[in-house]
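Colleague: I'd like to learn how to read a few features straight off a model. Could you walk me through it?

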Amino acid sequence: AGGGGGGAGEVSQQISTEEMREMQLDTYSEQAARYMEILRSALPDTLAGRTLRDWDLRYNPESLGAPLFDQIYEQVGEEVLGKRVFGTKVWPWLRKSGSAHVVIFPRMDRLLLDNPESCRRIGIDNVAHFLQGVAAQVLAKYAAASSLPLQSWRTYRPLEMRNGFFDGQLPKFLGFDLQDLDFPGSHWTIQQGGFGYFTGTKIPVGPQWRLVADLGLAQVGTALAGGPSGNRFSKYYANEMHDYYLQGKLKTVLLES
């Protein structure tokens, strides 16, 4: 972290390492904010509708609005990319490719939010009415099924980290795998926290290592999503996950001069 001198295009304000640490943990979604500008006024006066309307646009583990928006967004993808662009046979395959959230979904966002006139080519005459209709369709299942409870972002997509060698084949009580971990953020936030696909296998996508440094000091702050030891019976097997990473903290590492 550091400040610039004030020339054109330079940073003129000092940024502290603490501010950089907080920025790495930011779960606010500008993308969701743009969609919610269109959806909010048309949401139904139901528990699910009110929950989504009051959502703070952050993908925090305790958020109830984030799962609702995610379901709507996934259905928008099915309607646009599946039924209108690639076809219902090709889209499921592309959805499980590694490029879906990197290339395809951002292009869909630009089409719907920045080029509504072009949407007429795929049969969407009014983007706002289309998005509001998809939202109503998704939220209706919560109104129709009283037994369908709202989920938090934590329970909606639980995270398990498996030992790389045994890959979940051992009994859970042995402790080789880490269970029920918080996974804040999404593909659309500074703090990356989503699921992608690699060779057809669903995998978590997030920072494996956090680092903040002040170039004027001979030290850095770091946190591993796990620990520095591969020995299950070492106290360092997953100590940084519990002591630092999940708490948004950093340990200080002194650099040799």
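We go through aromatic pairs, burial, strands and a surface patch in turn.

Modeller: Ground rules first: this is a predicted model, where local features need pLDDT of at least 70 and side-chain atom pairs count only at pLDDT 80 or more, while totals for chains, interfaces and linings use all residues. Residues are numbered from 1 along each chain as its sequence is written, and side-chain values use heavy atoms, with hydrogens and water left out.

Colleague: How many aromatic pairs does the structure hold?

Modeller: In general, a pair of aromatic rings is described by the distance of the centres and the angle of the planes. Here, rings of Phe, Tyr and Trp (its six-membered ring) pair if their centres lie within 6.5 Å; planes under 30 degrees apart are stacked, over 60 edge-to-face, and the rest tilted. The structure holds 15 such pairs. Take Tyr73 and Trp188: their ring centres are 5.7 Å apart and their planes sit at 70°, so this pair is edge-to-face. Tyr73 is in helix α4 and Trp188 in the loop between β2 (178-181) and β3 (194-198), so the pair ties together parts 115 residues apart in sequence. Helices (H or I, at least four residues) and strands (E, at least two) are DSSP runs, numbered from the N terminus.

Colleague: Is Tyr73 buried or exposed?

Modeller: Buried means under 20% relative accessible area, exposed over 50%, and partly exposed in between (1.4 Å probe, protein chains only). Tyr73 has 3%, so it's buried, and Trp188, at 17%, counts as buried too. Both belong to one aromatic cluster, whose members include Trp55, Phe86 and Trp153.

For another pair, look at Phe176 and Phe233: centres 6.2 Å apart, planes at 85°, so edge-to-face. Phe176 is in the loop between β1 (159-161) and β2, and Phe233 in the loop between β6 and α9 (239-245), 57 residues apart. Phe176 is buried at 15%, but Phe233 is exposed at 69%.

Colleague: What is Cys119 in contact with, leaving aside its neighbours within four places in sequence?

Modeller: Contact means heavy atoms within 4.5 Å. With those neighbours set aside, Cys119 touches Leu111, Leu112, Ile124 and Val127. Cys119 sits in the loop between α6 (100-114) and α7 (127-144), and counts as buried because its relative accessibility is 0%. Its C-alpha is 9.5 Å from that of Val80, 39 residues apart in sequence. For a loop residue that is exposed, try Ser41, at 69% relative accessibility, between α2 (30-39) and α3 (47-53).

Colleague: Which way do strands β5 and β6 run?

Modeller: Two strands pair if DSSP finds at least two bridges between them. Strands β5 (residues 209-213) and β6 (residues 219-224) run antiparallel, joined by five bridges, and a hairpin of five residues connects β5 to β6. Leu211 has Thr222 of β6 as its bridge partner. Then β6 also runs antiparallel to β7 (residues 251-254), through four bridges, with Gly221 partnered by Thr252 in β7.

Colleague: Which residues make the nonpolar surface patch?

Modeller: Patch residues have over 30% relative accessible area and no salt bridge (a side-chain nitrogen of Lys or Arg within 4 Å of a carboxyl oxygen of Asp or Glu); like charges are joined within 9 Å, nonpolar side chains (Val, Leu, Ile, Met, Phe, Trp, Tyr) within 5 Å. Val85, Phe86 and Val90 make this one, about 220 Å²; accessible areas come from the Shrake-Rupley method with a 1.4 Å probe, and for residues only the protein chains shown count as cover. Val85 is in helix α4 (residues 65-86), and at 43% counts as partly exposed.
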